[in-house]
Each structure stands twice: as structure tokens, then as C-alpha cells.
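Reader: I am new to this structure and would like to know what stands behind the words used for it. Could we go through them one by one?

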Amino acid sequence: MTLFVAGISLILLAGLTVAVFGRHPSFGQAAFRFLVGLGCALGAIPALAVLAGRGASDVRIAGAVPGGEWVFGIDALSAVFLVAIFVVGAACALYGVAYSGHDQGRRPVSGAHALVALLVAALALVVTARAVVPFLIAWEVMAVVGYLTIVFEPERAEVRRGGLLYLVATHTGTLALFALFAVWGNGAIDLTFASLAAHPPVSAAAIAVVLWLALVGFGVKAGIVPLHFWLPEAHAAAPSHISAIMSGLVIKMGIYGLMRVIVLLVSPPIWFGWVLLALGAISGILGVIWALAQHDLKRLLAFHSVENIGIILLGLGAGVLGVAYGHPVMATLGFAGAAFHALNHALFKSLLFLGAGSVAHATGTRDIERLGGLAKRMPRTATTFLIGSVAIVGLPPLNGFLSEWLVYRSLFQGGIITGGARFAVVAAVALALIGGLALACFVKVMAVVFLGLPRDTAAAEARESVPGITRPLAGLAGACIIIGLLPAFVLPSVFRAGSLLAGGLPPDMMPLIAAANAPVTAFVLALAAGIAVAWLVLRVLSRGRRARADVDTWACGYPLPPTARMQYTASSFAAPLLTLFRPLAGVSVKRTSHSFTTHVVDPVLAEFMLPGWRGVRHVADRIRRMQRGRISLQLAYVVAAVIVLLIYLVFRGGAT
Amino acid sequence: MRLVALCALPALAAAMAFATSARRFVRWRIGVLVAVAATHLALVATLWIVPAAPVLGGWLAADALGLIVLTLTSVLFFAATLHAVGYLRRERQRGGRVFVGGLLGFLCATSLVALSQHLALLWVGLEATTFTVAPLIFHRHDRRSLEAVWKYLLISSVGIALALLGLFFLATAQTGVAGRPLVLSDLLAHARDLHPAWLHAAFLFLLVGFGTKMGLAPMHTWKPDTYGEAPSLVSGLMAGALTSCAFLGVARITQVTMAARMGPFVQPVLVGFGLLSLAVAAIFIIGQGDVKRLLAYSSVEHMGLLVLGLGLGGIGAYGTVLHVLNNGLAKAWLFLVVGNVVLATGSSAAAANRGLVRTLPISGALLVLGLFAVTGSPPFGLFLSEFTILRAAFGAGHPWIAVLMLLFLAIIFVGMAVMILEMALGEPEPRAGHAPESWWLLAGPVGLAAAVLLLGVYIPGPLQHALTIAATALGGTAP
Amino acid sequence: MHTAPQLVLLLIMLTNFAVLGTTRLSTCIRAVALQGLLLGVLSLLLARQFTLHAGALALGTVAVKAVALPWFLEWAIREASVRREIEPLVGFNASLLLGALAVALAFAITARLPLPGLREELLVPISLATVIIGFIVVTGRRKALTQVVGYLMLENGIYLFGLTQTDSMPFLLELGVLLDLFVVVFVMGIVIFHINREFDSLDSARLEELTD
Amino acid sequence: MSGSALAALVALLVIAPLLPGVAVKTKSVLTGRRGAPVLQLYYDLWKLVGKRSVYSATTTWIFRAGPVVMLVSVVAAALFLPLDGRAAPAAFDGDLVAFAALLALGRFALVLAGLDTGSSFEGMGASREVTFASFAEPVLFLCFLTLMLATGQLSLSGMLGVPLLAAWPRAAASLGLAGLSLFVLLLVENSRVPVDDPATHLELTMVHEVIVLDHSGPDLAIILYGSAVKLAVFGALVTEVFVPRSGLSAPASFVALLGGLIITAAAVGVVESSMARLRLTRVPQLLAGAGALAFFGLILLMR
């Protein structure tokens, strides 16, 4: 744990130095890069140790505030998230230094770097806090610093609006968490997680209240469908490295929270499993449909975060059902799949967001309808974005496939055992649909942004980003490939986290589960080798005849070569799919005699949240008209109060 | 002896300030103000180290609750005086003779309230605060501040009259009971055999009377006008110190009723007032146009929380006493920051102050942090007290109260966030000059902000001890 | 209605209704002055034995409530050239009806609040009635001056109630009188003067600029 | 990786191009024409390998890598099927996910390669291919789930291998429905008649053919061979469901599989000659129908 504390203090020190040396950024940023890198490395060591099986001691600080002592510790669950936090955190911090370099003139950039460092430290503390008060403090610091990093360019109205939506959503979520820990802490001696676990709510009603509060409180942060409305707005507003941290790490804290509640609650009820499964399927399917409808690159990726959270919830739901119905193998597989997908999603989602940032940085726009043909001009960004896309769609050689495979296995495990959990198998069909739609979406993004002809001058003159930006991209892509090709190293530690969540596994189960993992390692390596060999063979075969590469694309004999305008655009590509999901997709089509425009809106935000808030405003305005400022009216209120109390005195007062 | 000095010193200084002529002694008068504030703070500090014995035959004593309110008042007054130095230097109106005199009178009155063990003495102290603050509110001498002071006086006087009637009821409840009339210690000793019906009536009238001074809904209507029109420095003092002293009055009578085992009668009333105040604050904060009026309604909200915590009992009492401290510090911090903003841009309307983060960087940052503090975000102290009150609500078996409370807190957060963030981050008007933020104006808010942040993370030993005693006195327990 | 104190109490009740019913500002002020006088007389009647303190208290009350304050209010009317009639927010007969209701409520409350050893059982209900009627006048009238009169009646009601405690709480009544002195003379008087200079009328309805 | 399994796989890869020929021959015979020789595809492949590839200027390395990845993924998918009736060359818990993911990988590579050329025809084909695929994948999983619940096995080699014979008497109805859905999937995945007309020349109506419009020479050969293998793989799937061969010896069961493949190809030919191409918007309804059948089968097993 001392290494962890050293790591955190180094990261905070990095934030401090870059803020202090604001005036001469060259030294400040260099020190920042070094300290953040070192801090993240040091912090990751104890996490990796715990994942490898060696335990880590707790750090206890005497509680000077009501609520018992402050405890920090790392167990298998925290370790998985810590690894994600430090890897992605370091990548985004370094990316941020290079990315906001060009903003140097317009606004003080050093403050933003310091906030990023503070955000990473707060994330690490959220995951290791083992008592309610430090957990909530770290949670809110993360939320507030998150807001401050989002409004990096406050002069733009949409940035302020996105930031405000984010802040309001997280704060209401935090209030739900206050209620959660207040209800749960009722019976406990003090507010450490250990005593909460020792005194769980007993009656079914109390458990239901706790779980629903957890779902709302953590659901808002994770972006589960009805509560996801802030996510696309905040991501579109934030600079790319902040969106990467937000999507990669901050929304994972919602998932971590749900997992921590499951660990503390030891035996969650059956209905909770079905609710998680249902929410996962809804979030997944709606998330990917809305993503298909988007034109803004960052909004598209944000909706994909909602989809992947849906997949993680499917894993969680399967795990909870396993525990509730008493199938430890199903439980461990489900929780391991959820934790592994959270880690993987942190990696490839931040890779995609950083890639999107590099594209936005080079072309100055996020609207994919005006991009195209960037693969030739930005080869490194294109390749890493392709790796990220293959990973997020869950295609074999990379890490996305492995975590989805674990979730599938957990659902299949539920299927073949007789008993209530059999119906969980239907969720596997939902997961398949999500996979199919995700493939459609990312083919669209890859093709429209990187392939074909540039649709606008901005895309035509784009140049590859500075190494400071592409190096983190390469690092994250490398991480995805390594985890994808060498699962043997990662699966045991992920199963350790899964078994912790499943309430400890009987000893003989672990080798059985691990045994099934060995062949998959072989399969993935074989596939990669197969592709490489085939590529070489084809290269050798066609070496003899030099291929002609200067001809125009075949346009069925039409004399003129196809121009950029003839290419499929993002909305035309997704149109067939969206017409099938017409009511859900949130695409409003405006047809006039001479124009045809589609406008994409987030249905939950547009039809529920904003009208709801306008309704509250309307009621408040009507009541406020009472305070017209006339003195006799105001005195009448005082008199009314006295009269009411007198009546209360007459009825309730008397002899008691 | 120190207790008498605490009250006498400011009174003396106030008299001197009034005596000297308006024009010539300006710099000397500000010096006296700061000196008195400093010595007052030092004296209070010694009270913490070496507790003082009751004096004047038990009429003045520093018990746990009184000491906490006294410390809060003294700290706020010191911060306000630092701010006043900068303020008076900019607002060179009529030499500030009335201003400084009023402030010192205010300090004397609030010290008297905090230390008095005799309820009538407490009533006189509160009455004195009304009159010392009236000229301060009227500082700008324009039509709007005239209307504000007129309404403040009329409603406060009606409230104080009701409190006097309540005192009479309390005295009648004590007829034929041993102990000196209206002295707190005797009341508590013989609480069980006080006449129940009269004690009920006394509690109700004292609650409405002191509630009017606190600004509980529905007696809160003077608050937005007064805080809106008075100089921010004065609004800060009123929102922080005056409301806490008024709450002290409510706390004293609650102590008596709790000692007389009248919980079932008293608590529903307190909870009712608390929830009503939260509701009124929530309704009036949405779509608010003026930042000072916004903070006034936030003060109504926190007064509601104080009374709600008291009404819930159990650890709620501890939460309430802690919240008195936190709320006082946070309110003063925000009002002083808004004072800087108004000094720089000349108007407290939200539309006029945009892009504060760039025109007044430190004040802008403090304003945004203040928003998070006042709405109860964790690193700050207010989270702890509100969280304790929430636990009390669930503990007392009233989940619906907690749900209502959270609902109102959420609406209030949205209302405040929309306005303050729009002010802090909006597009600044081209004409907004970059007035340099003088260190005098910033010392107060920065110090208070540090205190609120400290209280969120660490409560010093003696303070924790005092909080526990106060909570048990109010019929609750420490968490 | 045989004992003198009860007669005085009834007269006080009459003055209450007079204030409620009158349309002229000057009769209003004279009624309150009369009420102050009656209070002084009552405090003498109720004192068990004539002590220096009781005499001084009665004299002080009469001096302040019956003479000084009404003179000051008259001066304010002349100074601020205020129009003489009262513009009520709540109609005159409505006020009288409310006054009657107030008396009923006062008697209901006194029934619930038995006071042991009280010599004059009419004292408590009448004082509560005066307080509530004072409220009605304060909230029911438009002109600032009439609100001050209403406030004075409120004070007289509280002073009346104070008489029940003369033996155990000698100095408490002085507090009440002191309050009157402060509230009316120092503060409302000056403010009324300013209002008239700024708004050239004492109509408090004009003071409505501060709204949300 | 027993010897017989490897031999069966190689044999499958060899006779794969035969199946499209059989389908075309059946269709032309039924419609009164002589039709192209059954070995036509072999000749085409031989011709194409000899030619030189022509790449458009707008394409990147993705265009060249597309066909290779598609072929490798389809062959890897074939690894998971128990062709010799005993056990599949590769098998692990939940390898049906790998099977589906491999098909998806092949589709991903092919579609991206098509879109790389930047022509509207490839865009049209890609958009349709991806739309149908996102509906086909859930139906594929429904069929696999039916098999899994019927046999209680977690890997394809278990589901389609020895235990399937024992499962038939118990779950005949469900397995029948699953087989039918798999046949519909075969038609969709390999873009045969009801979904797409392989013999058409009108790009606006094409789905699969138009994606590979710009490929030439060896690349086109690899793609044609890959889609032939894919047809063989789906044919094998359908036959292994309907014809459980655990009783027969290794060579005998492979001969049975060959017979089944031929019959399936003929069935495709029959369907092609008897139906016209569906409107593009009706294809998802066809898939939904197939999905409903499979789901009904699954429910039968789950009660």
C-alpha cells in the first residue's frame, strides 16, 4: 500500500508542479509528464501484485469526523479498476499535454493539466476507499473536478450546457448515494465498509430500497439508459482526453459502485439479477441504435459507452443470478466477464476517444459527414482507430472478444443447468444483436472517417498529429493487442476478482474454469498466425506480377471517376437499420418540397428530462407570483403561521 | 470577567465611534474596528482554552451551544471587518461613522445573545441586533434599501413582540415552581414540573418569534429584500451570525421542552417548519435573477435544515449544531465573494456579471467552490452535517422526510448551479474592466473557505467535545 | 361586571373595536392613547399593594403609551402632511367581523390554558384578543401609520398579559414599554419621515419594487 | 486434432467450390436449361489466379488485407465443426461464440475493403450486408442455443457431434425448427436467391456481389473461394443437425456429410428456381420469421 500512497502523492505533485510552473510551460509540462508516468507506474505495482494473488495491507486513518475511521485498501476488485485507471489515466494525461499545446495562447492551460492529475488521483481513491465518508468525498471530488475539466472552453454555450447537464446529473446521483449510505449505515456501528457488510439490511423492503438507491445513484454515473441523458452532451463538450477519461474511467466508477454494493451485500436477491439483466439489454440495444444515428464522432462514441455499460450489466446480472440461484461457476464467469469488459472497455474506449481527438485536432471538426480519406493522411491514427474498432465490436484477435466471450459463457452456463436461471439465455440473443449492430456502427465510422475520398477541404488538408498525440494511441492499441493475444496472463487475475464478487469460490472450481481458458489462448494465437502467414503467401504469389495501382475505382463503365459526393454518407449508411428501429432511434426527419434533413436528438433527454424541468420551472413561477412584495401580505403570512400554531395548540396542546 | 468584557468592549467602541465627528477620524475609526474584532476573537479563543465561570449571578455563561455560536459570530465578524476595510476604502460615503458604529453595536448584541443564560436577556440582545443592523441595511440611502429596512423592521418587530408574549407564557408556566424565573439552568432543573399547557404555548410563540428573526418560512419574506439591498458585508454577517443567534433562541426553548419530555408535541412542529422552509427555498431559487436574493433563499433553506435536524432528534441534533457552524461560515464566505463581485461590476443581477472566472479570477473560483460548499458537496463541512441529518431522518423511521429533503436539495442545487455557473463561466461583457482584487477583500472569503473545507475533513478535539455536549443538551445523541 | 378591573378591561375591548371600525386616522390614534391610559389605570387596580414600583410603572406606562407616542404620531401626520382617512385593504365591516372571531378564538385558547391563582379571569382572554386584533390592524390597513398603530395595539395586548405576572416578574413589563419607545419613536418615525420624502405619500402599497 | 478430423477438413476445403456449381446446375436443369458445368467455379478460380490485380488509387492496405482476413476467418470457423462426426479439430467451452465472431470478422474485413474504394456501389452493398448481418447474428445464436439446451453441451463439437443422436428423440421438434432456421441463415449469409441473386448484373439490386465489385485477379479468387467455403461450412452445419452420424465409422460419416452437402446445394438450387428475389425491406422480416421459429424451438426446450 505504501507504493500506492507514493504513486498518488507523485501524481498530485505532478499537478502541483505544472500549476506552479504555469508561466514557463516547457519545464512544467516535462516535469508533469515524468511525475505522472512515474506515479501511475508506482501505483499500478501493488494493484498488479494483488491481481497476481499476493494481498495488500489496508491503510487506516483515525476518523476525526463522525463516521468512524478512514480505511483504504486494495482487493482484487479494486485492483482491476486501479490497473485501468493508471494505464488510461497516464495515457490521457500525457495526451492532454500535447493536445492542448495549441491552446497555449488562448487560455491558461497549466490549470487544466493539474485538474487532470487531481482527477486521476480522485479516481484511484474512490476505488480504494473502504469507508463511507472518504468514499463520498473522493466521489464528489471526482465529479466536481470532472466538471471543471469539461468546461475547458467555457466561452462556447454548448460546452456550458453539457457541463451543467453533467453536474446536475451527477449531483442528483450523489444525493441518492447519500440516502443509500444513510439507510444502510443505520444499523451499523460506524461507517466503514466492514461494519456495513457486518450489518446488512435484513428485511426485504430495506434491501429493495438499498438496491434501488444504488441502481439510481451509481446508474446515473454509469449511464444506464434512462439515466444516461447527460453522457453524450458532456462528451461532446469536453476536450478529447477528458472525454477519454470520462468514458474510460469515470463512468466505470458507477459499475465499481454497483459491484462494491454486491460484494458488501453478500447474497443479492433474485429480482436484482433480472433487473440488471433487463437494464443491460435495454442499455445495450438502445445505446448502439442511438450511436448509429449520430453524425458527431464524440457523441457516437459516448453512446457506445452506454452500449458497453449495457454489456457489463449483462455480465453483472448473470453473476447475480448465479449467486441467487446457487451456481458458483455461472456467478464467477459473469462477474469475471463484467470486470474484464470494464477493463477492456476502459482501454479501447479511451483509445477511440483519443483517436477522435487526434482527428478533431487535425481537421478542426467532429462532424463525420465532412471527413473521409484520412487513412492516407493520418496512417498511425487510422491504424490505432481500426484496432480500437475491432476490439470494441468484439472480434476475435483482440481483447473485446475475450470479455464478451466470458459473459456469453456465464449465460450459457445458466442455460444448461435446470432451474430458474435458464431464461437468462435469452440475454445471449440480446448480446448477439448488440454485437451485430456495433459491427454496423463501427464499419460506418471507419469507412466514413478514414476510407474513401475526403468530403471537405478540412479533411483533405489534414496532417498526422504530433508524436505526443500518436504515442499514447500506440500504447493503448498495444495494450489491447497484448491482452487480446495473451489472455493466459489476464484471465486468472480477472477470475480472482470474479470469485471475490461471487462471494468466494469453492477451491476446486478455479482450476476447472481456468482449464477452459487454455484452448482459447491457442485459438487466438493460431488465428493471428494464420492471417500473418496467409498475408505473406499472397505477397509472395503476387510478387511476380506487379499490380497496377494507378487506376480509378470501377464505376460500372461510367467514363467519369466517382467523386467524393457520390460516396455513402454516415446517415445514408445507417438509414436501412434506423428505419427498422424508427420510434426508438430519435431521428426526426424534416421533408420539405426542396430539402430533406434529418435531425438527431436523444429521446430520453428531449422528451422526458427537459420537459420535466420546464414543468417544475412553470409551477415555481406561478407560486412565486405570490411574493408580490406588499408588506401587509407578508405580515399576513406571519399571522397565518401564528393562527395555525394556535389551532395546533388547541387540538394537540392541552394537558399532555 | 472575560464574559462581561466580551459584551462591554464592542459597546464601548461603538459609543466612541458614534461620538467622534463624521469627517475627520475615518482612518482611526477603521483601525478601532479591526482592533476590537481581533481582541474579541482572541478573548473567545481563550474561552476555549480556559473555560470561564458564569458571571452576573448566572445570567452570563459560556455553555457548549453558546460558545459555538459565539465563536462563529466572532470569526465571521473578524472576516467581515477585513472585508470592511477594503469596502470602506472604495465606498467613501459619509465617513462610515454610522457604519462602523452599527457593526460594533451588532457585535455587542450578538455576544450578549450568545452568552446570556437568562431568556429575557437573550430577548433583549436579539432586539438590540434588530436596531443595530437597521442603519447598516439603510447604508445606501436609496428607495430600494428604504423599502428593505422598512419591511425588515416591521416584520422583525412583530416577531419580537410575539417572542415577548412567549416569554410571558414561559413565566406563567413557571409560576409556583422553584428557581429564578426565566433563568435557563433553573428552567432545565425543574422542567418536569413546569405547567405543560403554558409551556406548549410558550414554545409555539417563542418559535414563531425567534423563527421570524431566523427567517424560517413563512416568516422569511423580509430576508430576500434585506439581504438583496444591504451591503454584502452586512448581509453576510446577518446570514451567518444573526440567524445563528436567533437559532440559539429556538435551541434554548427546545432544550427546555426536551428536558420536560415534550418531544412528541415539539418535534412535528419543528419538522413542519423545516420542510416548509426547504420547499419555499426550492420554489423561489429556480429562475432567480439576483445572486444576493438567491443566497437569501439559500439561507432560508439552511434554516429549514437546522430546524429539521432539531425536530428529528437522535444524531440529528448533532448534525444541526455542526450545521450552524458550517452554514454560518459558508454563507459569510459566499456573501463576501458576492460583495467583491458587486464592488467590481456594480450590480448583483446575474445577467450583469458574466465570465467572472476571467474578469475576477480568484473571486470567480471562490464563487464556484462556494456553490459546491453551500449545496452540501462532500469535501466541505456542510456535507457532513447534512449527511448526519439525513441519517437521523432514516434513523427516526421517517423515510418520507428524507426523500422530501433530498428532492428539495436536488431542485435547489439545479437552481443555484444554473445561475452561479452561468455567472462564473459566461461570456464577459467587453466593458467589464479588470479591477485588481485587493488583498483586503479576499482575505475574509479565503480564510472562511479554508475553515469550511477543514471542517469537512477534520473536527478538532475540543470542538467535537462541545458539539457532543450541545447535542445531548438538545435531546439528541452524538453519531 | 361588578369589579372595577373588569370594567376597565371592557373599555379596552371597546377601544379595540373602535380602532377596527374607525375611518379616520386621528380617531384611531386617540383610541390607542385611551387604551394606554386604561392600561395604566388597570396596572394600579391590579397591584396587590401600592408600592413605589407599581406606581412608577403605571405612571411610566401612561406617560409613554397615552401621551408621548400619540403626540409623536400626530406630529408625524402634520409633518408628512398625510391625508387623514384610512384606506383599508380589508373592509371595515370585514375587520369588525374578524375582530369578533378573534375574541372567540382568544376565549377558546384560554379555556385550554388554565392559569392557577389568577385574580382576574377576564384578563387573559382580553389580552389575547387585543393581540389578535392588533394583527388584524397591522395586516389589514394600507397606510404605514396605521400599521404602527396596529403594532401599538399588539404591544398593549402583550402588556395586558404581562399584568398577570406583576409579582413574579416585576421588570418584564418595563421591557414591553421600552420596546414601544424604541420601535415607534426612534425607528418608525424616522423611516416614515423618509418614506414621505421619497414617495410623497405614506401609502405602503407603493413600496413594492422589491420582487423576485 | 485426430487424423480423420484433419482429413475431413481438407476434403471439405477441396470440394467446397463444387457446391455453387451443383446449385447452379440444379437451377438451370429445373428451368429447362443445360446451365454451366458443375466445375465452372474451379475454372474461374484457375483463370483469376493467373491474372494481375488492379487496385484503385483511393484504396489503402485495408483493401488488400480484406480478402485474406475473410478467407482465414472462414477456414478457422470450419475448424470448430465436427466434420468427421466424432470431434472437431478445435473445441472449447463457448466456441460457438468464436464461430460467430469469426464470421463477423470476415464480414468486417470484406465490407471495410469494399468501402475503401469510395464508390457508391460498394457503399450500397456494405450498408445492406451489415443490416442483414445484424439480424442474422441473433438468429444464429438462437439456433445454437436450441442445440445447446437439447444436448447440454457447451462446445460445437459436442453439440453437433456424438450427443446429438441421443438428443434427437427427446427434442425432435426443436432441432427440426433449428435446422430450418439454419437453412434460412445459409441463404442469407451466402446471399442466395431470396436475399440476393448471385447471377444478376444490376448493381442496384446486388448485396454480396457488389461489395467485391472492385476486386480483381488473385484477390477476387480468394474471395470467391472464401464464399464457397462459407457455403460449405453452413451446408455442413445444416447437414450435421439433420443427419447425426455418430453411429457410422469416420470415412462413412464423411461420405454421409458429402451426400448431405450435395443435397443442401441441390435444395438451394430448387429454392432459387422456385422463388424470385425478395424486396430488400422484406429480408429482415424473413430473418425475423426464422428467428421466431428458432425461439419457439428454444422455448419448447426450456419449459
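Author: We can start in chain C, with Gly162(C), which has its place in helix 6 (residues 144-162) of chain C. Keep in mind that this is a predicted model.

Reader: Why is Gly162(C) called buried?

Author: The term calls for 20 or more other C-beta atoms within 10 Å. Gly162(C) has 25 within that distance, so Gly162(C) is buried. A residue far off in sequence can be set beside it: Ser43(C) is 119 residues away along the chain, while the C-alpha atoms of Gly162(C) and Ser43(C) are 9.8 Å apart in space.

Reader: How much of chain C counts as buried?

Author: Chain C has 212 residues, and 45% of them count as buried.

Reader: What makes up the pattern of chain C along the sequence?

Author: The pattern reads α-α-α-α-α-α-α. Chain C has seven helices and zero strands. As for its contacts between residues at least 6 apart in sequence, 73% join residues at least 24 apart.

Reader: Why are helix 5 and helix 6 of chain D called roughly antiparallel?

Author: Helix 5 (residues 95-116) of chain D packs against helix 6 (residues 120-151) of chain D at an angle of about 175 degrees, and their axes are 10 Å apart. Angles over 145 degrees count as roughly antiparallel, so helix 5 of chain D is roughly antiparallel to helix 6 of chain D.

Reader: Which residues make that contact?

Author: Helix 5 of chain D contributes residues including Leu96(D), Ala100(D) and Arg107(D), and helix 6 of chain D contributes, among them, Glu122(D), Ala126(D) and Phe144(D). By class, the residues of this contact are 10 nonpolar, three polar and four charged.

Reader: How many residues of chain D are in contact with chain A?

Author: 58 residues of chain D are in contact with 62 residues of chain A. Elements giving two or more residues to the chain D side include strand 1 (54-56), helix 4 (61-79) and helix 13 (283-302) of chain D. The largest share, 17 residues, comes from helix 6 of chain D. That side divides into 37 nonpolar, 14 polar and seven charged residues.

Reader: How do you know that strand 3 of chain A and strand 1 of chain D pair?

Author: Pairing takes at least two bridges between the strands. Two bridges join strand 3 (residues 548-551) of chain A to strand 1 of chain D, and these strands run parallel; the definition is therefore met. Arg548(A) has Val54(D) as its bridge partner in strand 1 of chain D.

Reader: What joins strand 4 of chain A to strand 5 of chain A?

Author: A hairpin does, through four residues. Strand 4 (residues 587-591) of chain A and strand 5 (residues 596-600) of chain A run antiparallel and are joined by five bridges. In strand 5 of chain A, Thr598(A) stands opposite Val589(A).

Reader: Which domains does the assignment give for chain A?

Author: The domain assignment gives domain 1 (315-539) and domain 2 (603-652) of chain A. The centres of these domains, taken over C-alpha atoms, are separated by 53 Å.

Reader: Which element gives the largest share of the side of chain B that touches chain C?

Author: Helix 6 of chain B does, with 17 residues. In this interface, 34 residues of chain B are in contact with 34 residues of chain C. The chain B side has 22 nonpolar, six polar and six charged residues.

Definitions and conventions: Residues are numbered from 1 along each chain as its sequence is written. Chains are lettered from A and ligands numbered from 1 in the order in which they are written. This is a predicted model: local features need pLDDT of at least 70, side-chain atom pairs count only at pLDDT 80 or more; totals for chains, interfaces and linings use all residues. Axes are lines fitted to C-alpha atoms, for helices over the stretch in contact, and angles run from 0 to 180 degrees between N-to-C directions. Angles under 35 degrees count as roughly parallel, over 145 as roughly antiparallel, 65 to 115 as roughly perpendicular and the rest as oblique. Two residues are in contact if their C-beta atoms, placed from the backbone, lie within 7 Å. Ala, Val, Leu, Ile, Met, Phe, Trp, Tyr, Cys and Pro count as nonpolar, Asp, Glu, Lys and Arg as charged, and the others, Gly among them, as polar. A residue is buried if 20 or more other C-beta atoms lie within 10 Å of its own, exposed if 12 or fewer, and partly exposed in between; C-beta atoms are placed from the backbone. Domain bounds come from an automatic or database domain assignment.
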